[in-house]
2 protein chains.
Amino acid sequence: DLALQTESQFGSSDCLRGKRVAITAGPTREALDPVRYLSNHSSGKMGFALAEAARKAGAEVTLIAGPVNLATPAHVKRVDVIDARDMRDAAERAADLCDIFISAAAVADFRPASVAEQKIKKREGCDESAITLVKNPDIVAGIATRSERRPFTVGFAAETQQVEQYAQSKLQRKNLDMIIANDVSGSETGFNSDRNAVTVIDRHGNTQLPEALKADLARQLIEIIAVKAQK
Amino acid sequence: DLALQTESQFGSSDCLRGKRVAITAGPTREALDPVRYLSNHSSGKMGFALAEAARKAGAEVTLIAGPVNLATPAHVKRVDVIDARDMRDAAERAADLCDIFISAAAVADFRPASVAEQKIKKREGCDESAITLVKNPDIVAGIATRSERRPFTVGFAAETQQVEQYAQSKLQRKNLDMIIANDVSGSETGFNSDRNAVTVIDRHGNTQLPEALKADLARQLIEIIAVKAQK
């Protein structure tokens, strides 16, 4: 579709005019003590690219960001959070007011069961240790399984193997409207890269989006989400 | 001492001319699986400031850096590493050839006992988990306890309580020539700040350096280290 392609290239689509979109991005950091934490390699680039694309498509965008080193896209409202529980609180508040919720953050599944107030000291002669972990809230599932004020809910599945199979199962288990699956095992695409390749999955089937700059991919995804969210 | 002060302010001291200095900086990241890791809040700023100050004082500087977002100071040789074992290997190689070794990195004391090759999946209905940890190599102690080719060895102690007491004990236990203690519990000084306040401790006593920009503090520390390393 030449018209669509032109719109996409020049960012002139206003497919989300009048819509409110909330997007989570980046990793979360789960504190062990004042110094140490558990985190993951999410750079936040995909979520930030989606926020920029949604804004350019006319949406009012709230971007809930974990600790990342990225500039806020123009005219996007940014809420900074550190851990999964803070992100959940910010996401729930934003979801109350939005039409579309996109969970692009790599939320830590688990956090340390307790946070030490002081830096934990090594014990002499002790060569092993352990961290007990408890499950974090499942932010996107919490929003997708709402009975009221439920936005069109999009999740991500970043996997290193059996990518589509895991994504498919996540779509159903979490009651998502759509899931965007990507393989983060390669160095070309994935967490710290500026490029990505994804598979968009919903109840009706799969769409492959070949490798592209995250900014270009974000524009394509926003157009797909806008169409699906209308239905 | 006005002369010293002037030198310090204008960076014209060449107190390390002809010396080779190796400095570690930043955190280490200890992988749990391809996606998740354990790390800490070290920004690397103090170590990078020391590398720049040592270079300006005439030294040939090798900077062994964990994952940080900082530019390499001019004319400094940088070696990037991720985890403690890589940092140990790079530090041991650099220590073979250096006169002064400064351990400014916040090396993770422990790492996950095993690294999963694929992203670890949550198990349904399982609300707790645990990570078994094993001790990482003690890089600065390994160098300070060498019987041959032992450089003048300087450690850091970043603590949140009983700062000088812990630092004093670390100095002796690890056989260091000097330890630089700082309290990272405040938000003004410490890990992500551009400012710091430290206590320099050696066998002969303590010197307090009041709060200053890390770059200024680094110049003062390099002058103290240069004098002590001569003896």
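**Entry 1: helices 2 and 6, chain A**

I looked up how helix 2 of chain A passes helix 6 of chain A and found a right-handed crossing. The model I am reading is a predicted one. I noted helix 2 of chain A as residues 45-56 and helix 6 of chain A as residues 214-230, with axes that come within 8 Å and cross at roughly 55°. I therefore entered helix 2 of chain A as oblique to helix 6 of chain A.

Next I listed the residues in contact. From helix 2 of chain A I wrote down A:Lys45, A:Met46, A:Ala49, A:Leu50, A:Ala53 and A:Ala54. From helix 6 of chain A I wrote down A:Lys214, A:Ala215, A:Leu217, A:Ala218, A:Arg219, A:Leu221 and A:Ile222. Sorted by class, this contact has 10 nonpolar, no polar and 3 charged residues.

**Entry 2: helices 2 and 6, chain B**

I then turned to chain B, where helix 2 (residues 45-56) packs with helix 6 (residues 214-230) at an angle of about 55°. Their axes are 8 Å apart. That angle makes helix 2 of chain B oblique to helix 6 of chain B. I logged the crossing of these helices of chain B as right-handed.

On the helix 2 side of chain B, I found B:Lys45, B:Met46, B:Ala49, B:Leu50, B:Ala53 and B:Ala54 in the contact. On the helix 6 side of chain B, I found B:Lys214, B:Ala215, B:Leu217, B:Ala218, B:Arg219, B:Leu221 and B:Ile222. I sorted the residues of this contact into 10 nonpolar, no polar and 3 charged.

**Entry 3: rings**

How many aromatic pairs does a search of the whole structure find? I recorded 0 over all chains.

I also checked for charges over rings. In chain A, the charged end of A:Arg29 sits over the ring of A:Tyr37, 4.5 Å from the ring centre. In chain B, I found B:Arg29 over the face of B:Tyr37, at 4.5 Å from the ring centre.

How values were computed
Residues are numbered from 1 along each chain as its sequence is written. Chains are lettered from A and ligands numbered from 1 in the order in which they are written. This is a predicted model: local features need pLDDT of at least 70, side-chain atom pairs count only at pLDDT 80 or more; totals for chains, interfaces and linings use all residues. Side-chain values use heavy atoms; hydrogens and water are left out. Axes are lines fitted to C-alpha atoms, for helices over the stretch in contact, and angles run from 0 to 180 degrees between N-to-C directions. Helices (H or I, at least four residues) and strands (E, at least two) are DSSP runs, numbered from the N terminus. Angles under 35 degrees count as roughly parallel, over 145 as roughly antiparallel, 65 to 115 as roughly perpendicular and the rest as oblique. A crossing is left-handed if the near helix is turned anticlockwise from the far one by less than a right angle, and right-handed if clockwise. Contact means heavy atoms within 4.5 Å. Ala, Val, Leu, Ile, Met, Phe, Trp, Tyr, Cys and Pro count as nonpolar, Asp, Glu, Lys and Arg as charged, and the others, Gly among them, as polar. Rings of Phe, Tyr and Trp (its six-membered ring) pair if their centres lie within 6.5 Å; planes under 30 degrees apart count as stacked, over 60 as edge-to-face and the rest as tilted. A charge sits over a ring if NZ of Lys or CZ of Arg is within 6 Å of the ring centre and within 35 degrees of the ring normal.
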